[in-house]
Amino acid sequence: MPESGYPWPIETTRLDNGLRVVVSEDRTAPAVAVNLWYDVGSRHEPDGQSGFAHLFEHLMFEGSVNVAKTEHMKLIQGAGGSLNATTNPDRTNYFETVPAEHLELALWLEADRMGGLVPALTQDTLDNQRDVVKNERRQRYENVPYGDAWLRLLPMLYPPGHPYHHSTIGSMADLNAADLATFQAFHRTYYAPNNAVLTVVGDTTAAEVFGHAEKYFGALPARADIPSAPDGRTVAPTGKPVHETVTADVPAPRVYVAHRTYAFGTPGYDVTTVLAAILGSGRGSRLYQRLADGERIAQPDLVGAYGVDLAHAPAPLIATATARPGVTAERLAAGLADVVDELATVPVTAAELDRAKALLSTMWWRQMATVDGRADTLSRYAVQFGDPAKAADRLPGWLAVTAGQVAEAAAEVLTPADRATLVYLPEETS
């Protein structure tokens, strides 16, 4: 197995309007993945416009100048393809995987909604999708046990005014208050070719993709005054732990312990990623061995730890456990905190380090095994680090982490004095 993070060819160009185009040819199968990253997520949203980036993820499927409502999806699926879109604090991305002969169709559709959504956007469409987002909030966050944990953790980790303080789902009050013209202005501001990266991976050539990109995207005008996102790279430690207890309709006590670490893409976050695998990935992790298998205070399938790959601020590391029957939240929280604290004092063994790196290598190559996984990865590194080839640094970065670095990082960023603890308690039943 190669250790290089990206052993496939990468070719790039930039159109006159600023659109960056990335191509990685792979003739293994007659399919292509088209991936378009826009440099706009919830961290870019001005005051009073929270949730806008996520709402546009929905609106971009609701018709444009030459494509009727729902037709984008029908055309891609009718061509034998698949498609979707996602939003996070750092970006919004749109992606399709289609048979190679339908590459041009996918590029035309993406160009049409980049440049042609605003003229087609109506009040009825806007109102309809606002209702869809409200239902999504209820279904994913409000009516699911523990579903609002992320909404609660973000303001515990990042102060008011910080670009990561609010979630991508946003405020329903902000979405309801904005008129059609405000949403149109948001799209014109951020959905511009010079604020996007188009990546194509698969059974094609760079020359073919560059030609199609010029044909369909080349006439779209650049935006000269795209505002920068607020700077969130520095969050001053408060020296005061934050604690919140929520009584809700949940089946058992659950505890989240969260810390700010390092920004995704930095050497420090590579260490954090290995640390998270040692702490909470699978049955060999410290959390499982101690809380689920040893003390037997946590449910085996509901204990773990993970980093959240945010690139423009100290990114979170979150550890969580759910209590077995009869175990109190206080006991569970104390056990969880003890395991986290011991990362700085109980040395990581060679076996723990090897296991974590093996897990991460498997995860990486699983992502790289598909054209759509590779396309998304190249778009990420082009948008966030200016060079898609930097994707090759990630796996070697993980493999170079030492046990000493894990202990140093734990001592620096996992301190009890700067910890956010969120506890869920079941409602009392009569």
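A residue is called buried here when its relative accessible area is under 20%. In this predicted model, helix α10 (residues 286-294) has R286, L287, Y288, L291 and A292 on that list. The cover over these buried residues comes from several elements, including α9, β9, β10 (316-323), α11 (329-342) and α12. Just after α10 comes R296, and its phi is positive, near 55 degrees.

Helix α9, part of that cover, is also where T272 is found. T272 has a relative accessibility of 2%, so it counts as buried. Setting aside neighbours within four places in sequence, the contacts of T272 are with T261, Y262 and L317.

Next come the helix pairs. Two packed helices are described by the angle between their axes and the distance between the axes. For helix α12 (residues 350-368) and helix α13 (residues 371-385), the axes come within 6 Å and cross at roughly 105 degrees. That crossing makes α12 roughly perpendicular to α13. On the α12 side, the contact is made by W364, Q367 and M368, and on the α13 side by G373, R374, D376 and T377. Sorted by class, the residues of this contact come out as two nonpolar, three polar and two charged.

A second pair sits earlier in the chain: helix α2 (residues 71-78) packs with helix α3 (residues 103-120) at an angle of about 170 degrees, the axes being 11 Å apart. The two helices, α2 and α3, are therefore roughly antiparallel to each other. Here H72, L75 and I76 of α2 meet L105, A106, L109, E110 and R113 of α3. The residues of the contact of α2 with α3 divide into five nonpolar, one polar and two charged.

Two of these contact residues turn up again around an enclosed space. A search of the whole structure turns up one cavity of 30 Å³ or more, and the volume of the largest cavity is about 30 Å³. Its lining is made of M60, F61, E62, G63, S64, V67, A68, H72 and R113; H72 and R113 also take part in the meeting of α2 with α3. By class, the lining of the largest cavity has four nonpolar, three polar and two charged residues.

As for open spaces, the largest pocket holds about 570 Å³ of space. There are 26 residues in its lining, and F264, D309, M363, W364 and W398 lie nearest its centre. W364 is also one of the α12 residues that make the contact with α13. At least two lining residues each are supplied to the largest pocket by α9 (267-280), β9 (298-307), α12, α13 and α14 (394-399). Three of these elements, α9, β9 and α12, are also among those covering the buried residues of α10. The lining of the largest pocket has 13 nonpolar, seven polar and six charged residues.

The second largest pocket contains about 280 Å³ of space. It is lined by 14 residues, with T87, R140, Y141, W150 and T168 nearest its centre. Helix α1 (52-59), strand β4 (82-87) and helix α4 (123-142) each supply at least two residues of this lining. By class, the lining of the second largest pocket splits into four nonpolar, seven polar and three charged residues.

Key. Residues numbered from 1 in each chain as written. Predicted model: local features only at pLDDT ≥ 70, side-chain atom pairs only at ≥ 80, totals over all residues. Heavy atoms only, no water. Axes fitted to C-alpha atoms, helices over the stretch in contact; angles between N-to-C directions. Helix = DSSP H or I, 4+ residues; strand = E, 2+ residues; numbered from the N terminus. Parallel < 35°, antiparallel > 145°, perpendicular 65-115°, else oblique. Contact = heavy atoms within 4.5 Å. Nonpolar A, V, L, I, M, F, W, Y, C, P; charged D, E, K, R; others polar. 1 Å grid on protein atoms, 1.4 Å probe; cavity = no way out; pocket = protein on both sides within 12 Å on 5 of 7 lines; lining within 4 Å. Points joined across faces, edges and corners; volume = space filled by probe spheres on them. Buried < 20%, exposed > 50% of the residue type's maximum accessible area, 1.4 Å probe, protein only.
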